[in-house]
Amino acid sequence: MLQDGSKSIFAPWSDPAATPLIRFQSVSKKFGHFTAVNDLNLDIYEREFFALLGPSGCGKTTLMRMLAGFEATSEGTILLDGQNIAPVPPNKRAVNMMFQSYALFPHLSVADNIAFGLKRSPMAKSDIQDRVEEMLKLVRLEQFARRKPHQISGGQRQRVALARSLAKAPRLLLLDEPLGALDKKLRQDTQFELMDIQERTGTTFVIVTHDQEEAMTVASRVAVMDQGELVQVDTPDRIYETPNSVYVADFIGEINLIEGNISPIEADRYALDWAEGQPPIIGTSQEMLREGTRCHFAIRPEKLAISAEPPTDRANCVTGTILDIAYLGNMSTYIVELSNGQTLKAQVANNRRIARRTFTWNDQVSLSWTDTAGVILTR
Amino acid sequence: MNRRFSLFNATSLTLGFAFLYLPMVILIIFSFNASKLVAVWGGFSTRWYGELIQNEAFLDAAWVTLRVALLSSTFAAVLGTMAAYVMVRGGRFFGRTLFSGMIYAPLVMPEVITGLSLLLLFIAIGLDRGIMTIVLAHTTFSMCYVSVVVSSRLVTFDRSLEEAALDLGCTPFDAFRSVTLPNIAPAVISGWLLAFTLSLDDLVIASFTAGPSSTTLPIKIFSSVRLGVSPEINALSTLMIGVVTIGVVVASLVSKRAIARQQKDEQEARRT
């Protein structure tokens with residue numbers, strides 16, 4: 001089911017005619033008095049790489065375990081290919097899962113681990129051998145086929161787990177914090193490998209993670225969860241650029257949040273009065289906002305320009321003194337304190353050597369940004 | 001740490017070991033006594049071992065004991081493993097707390113009471129006392145030891161392994177057979193060994209439930225000793241000590257080697 005030759009962007013979620021592979025219909029899950037998932041509706045489409053992102057305890061793992069069949073829904077239905085999966089036990093679902101602990105069978109070799117699911121399918125014996133070799137090749141572990149799981153490294157184990165869960169060619173692959181146990185460098189390499197494998201196999205991936213960078217890197221869409229509810233479901237760039245709430249804005253990356261009262265200027269332009277003696281912040285919003293609504297203005301640190309003199313061509317400008325500088329290698333974060341005590345973070349790429357840095361501690365600087373650089377959030 | 005071998009250390013070590021092993025050492029020495037008198041040394045001889053082999057009553061008792069131990073420890077291993085699995089994996093079912101409390105009760109129950117109640121039961125249901133009743137009785141009291149050993153292994157056993165098996169198409173029974181069982185096998189085996197040894201040396205429960213045709217070795221030894229300790233008994237006891245020692249040494253060597261091999265494998269994995 002490859003896409004036809006056209007270079008159309010993969011975005012089935014914006015096509016109203018597309019039928020989702022998975023559909024959550026007002027799904028709730030309660031453990032005693034604790035509500036893990038609350039009246040949740042979600043569509044996931046074929047060939048998507050879908051990330052469930054949230055802090056621990058937000059219900060993302062419960063959601064995944066309901067798909068795998070290890071938890072039953074308390075209310076609502078989950079449809080896979082239009083079929084209600086509630087009565088289907090986990091061993092009969094065309095869904096496979098890669099476990100956080102990898103859950104490799106310690107008493108079986110790498111090859112036998114991969115063949116485990118195939119041996120329990122109608123596949124012929126000779127085909128199983130071929131399929132196992134194909135999977136070993138996919139994850140580049142051909143030389144390790146005879147080893148036991150405890151005889152290989154963590155990164156290799158992760159790849160065995162992936163190969164094992166992909167061997168049966170499931171309609172849907174669930175990945176529960178698949179890279180959590182790897183160190184940072186290996187994790188980044190593996191992220192690209194995962195994306196590559198997902199594209200080559202054309203399998204729908206649903207990944208659970210609490211690492212926002214990971215979700216942003218691998219996923220076609222990200223669902224940000226909080227306390228059993230979906231806060232925002234969107235593409236990584238839109239989640240980052242136009243978060244729909246303070247929660248999402250704060251959870252993903254760094255952000256400056258300024259609270260104040262709204263007053264409309266014209267059409268979609270608004271002014272935010274936020275502190276005495278400071279000019280109002282000019283921003284835009286597609287929403288109709290009433291005069292005096294309490295709002296947050298959210299802007300990413302890299303969208304703030306830092307300069308010695310106030311620029312004349314930008315809608316917003318504030319002045320302050322540099323309180324602190326965090327040198328991160330590829331970029332530096334300047335923490336600037338304004339006259340009313342509010343601090344703002346501005347991030348600047350270090351494209352010159354550090355010795356030639358223009359600003360230093362206690363310098364007077366201007367921070368400026370355009371009227372479309374940030375977002376106005378009402379919740 | 002002070003590694004010096006002080007006088008205090010030497011004394012406590014000697015006292016402790018003497019306390020533990022002196023009786024056994026004396027027993028072993030006197031089993032090689034040529035004299036018929038138990039407490040008088042009459043020179044070295046293996047004569048009592050020779051007589052022991054010809055003593056049919058002892059051989060029969062040994063054979064009964066062995067059969068009872070093999071059967072009852074096997075039943076106990078199966079039942080104990082099942083009980084442990086239900087308690088650890090069964091979730092919260094009605095009466096779980098009561099069940100798990102009751103499974104451990106025989107551990108602290110006085111043997112006399114266990115034996116007496118089993119005897120009453122066998123009489124009530126009209127079961128003739130013989131090897132089968134001893135096997136049943138031994139299974140009853142040793143399965144809780146097995147379930148203690150196995151459930152402590154199951155608690156540390158990563159549950160997601162079973163879930164992975166289900167996920168890959170196993171029925172729950174297939175998942176148990178092909179994933180859980182191979183991984184808890186060492187615990188099941190050591191539970192089986194424990195049940196086997198417990199059955200081998202049980203005297204109290206066996207004497208309640210044994211029939212006239214099914215005398216076990218401990219019963220035989222105990223009743224012979226009441227007529228006076230013979231050097232033959234010493235020889236028999238020495239043989240039993242030997243069997244148990246070999247068993248313990250082999251078991252510890254096997255587990256030591258398994259650990260060493262795993263450590264070596266893991267070191268190799270880190271290097272690659």
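Colleague: In what order do the five strands of the open sheet with S15 in chain A stand?
Modeller: Start with the term. Two strands pair if DSSP finds at least two bridges between them. Here the order is S15-S19-S16-S17-S18 in chain A, and the pairing is antiparallel. Strands are DSSP runs of E with at least two residues, helices are runs of H or I with at least four, and both are numbered from the N terminus.

Colleague: What am I looking at, and how are names given?
Modeller: This is a predicted model: local features need pLDDT of at least 70, side-chain atom pairs count only at pLDDT 80 or more, and totals for chains, interfaces and linings use all residues. Residues are numbered from 1 along each chain as its sequence is written, chains are lettered from A and ligands numbered from 1 in the order in which they are written, and side-chain values use heavy atoms, without hydrogens and water.

Colleague: Which are the edge strands of that sheet?
Modeller: An edge strand pairs on one side only. In this sheet those are strand S15 (305-307) and strand S18 (343-349) of chain A. Neighbouring strands are turned by 45° against each other on average, direction ignored. Axes for such angles are lines fitted to C-alpha atoms, for helices over the stretch in contact, and angles run from 0 to 180 degrees between N-to-C directions.

Colleague: How many bridges join S16 to S19 in chain A?
Modeller: Six bridges join S16(A) (residues 316-327) to S19(A) (residues 364-369), and the two run antiparallel. One pair to find: Gly320(A) has Val365(A) in S19(A) as its bridge partner.

Colleague: What is the order of the open sheet that holds S13?
Modeller: That sheet of chain A also has antiparallel pairing, with five strands in the order S13-S12-S11-S14-S20. Its edges are strand S13 (281-284) and strand S20 (375-377). The twist averages 45° from one strand to the next.

Colleague: How do I read side chains along a strand?
Modeller: In a regular strand the side chains alternate between the two faces of the sheet. Now take S11(A), residues 256-266. Five bridges join S11(A) to S12(A), residues 269-273, in an antiparallel run. Ile262(A) stands opposite Leu272(A). Ser263(A) has Ala271(A) as its bridge partner.

Colleague: How many residues lie between S11(A) and S12(A) in the hairpin?
Modeller: Two residues lie between them. Ala267(A), in the turn, has a positive phi of about 40°. S11(A) also pairs with S14(A) (residues 294-299), in the antiparallel sense over six bridges. There, Leu257(A) is matched with Ala298(A).

Colleague: How many residues of chain A are in contact with chain B?
Modeller: Contact means heavy atoms within 4.5 Å. By that rule, 25 residues of chain A touch 23 residues of chain B. The buried area is about 2,100 Å², and carbon and sulfur atoms give 56% of that area. Buried area is the accessible area (1.4 Å probe) that two parts lose on being put together, summed over both. In chain A, Asn91(A), Arg120(A) and His150(A) lose the most area to chain B, together 26% of what that side buries.

Colleague: How many salt bridges are there between chain A and chain B?
Modeller: A salt bridge is a side-chain nitrogen of Lys or Arg within 4 Å of a carboxyl oxygen of Asp or Glu. The count between the two chains is two, while the structure holds 25 over all chains.

Colleague: How far apart are the closest N and O atoms of Glu163(B) and Arg65(A)?
Modeller: They are 2.6 Å apart, in a salt bridge. Glu163(B) lies in helix H7 (residues 159-167) of chain B and Arg65(A) in helix H1 of chain A, so the pair joins two chains.
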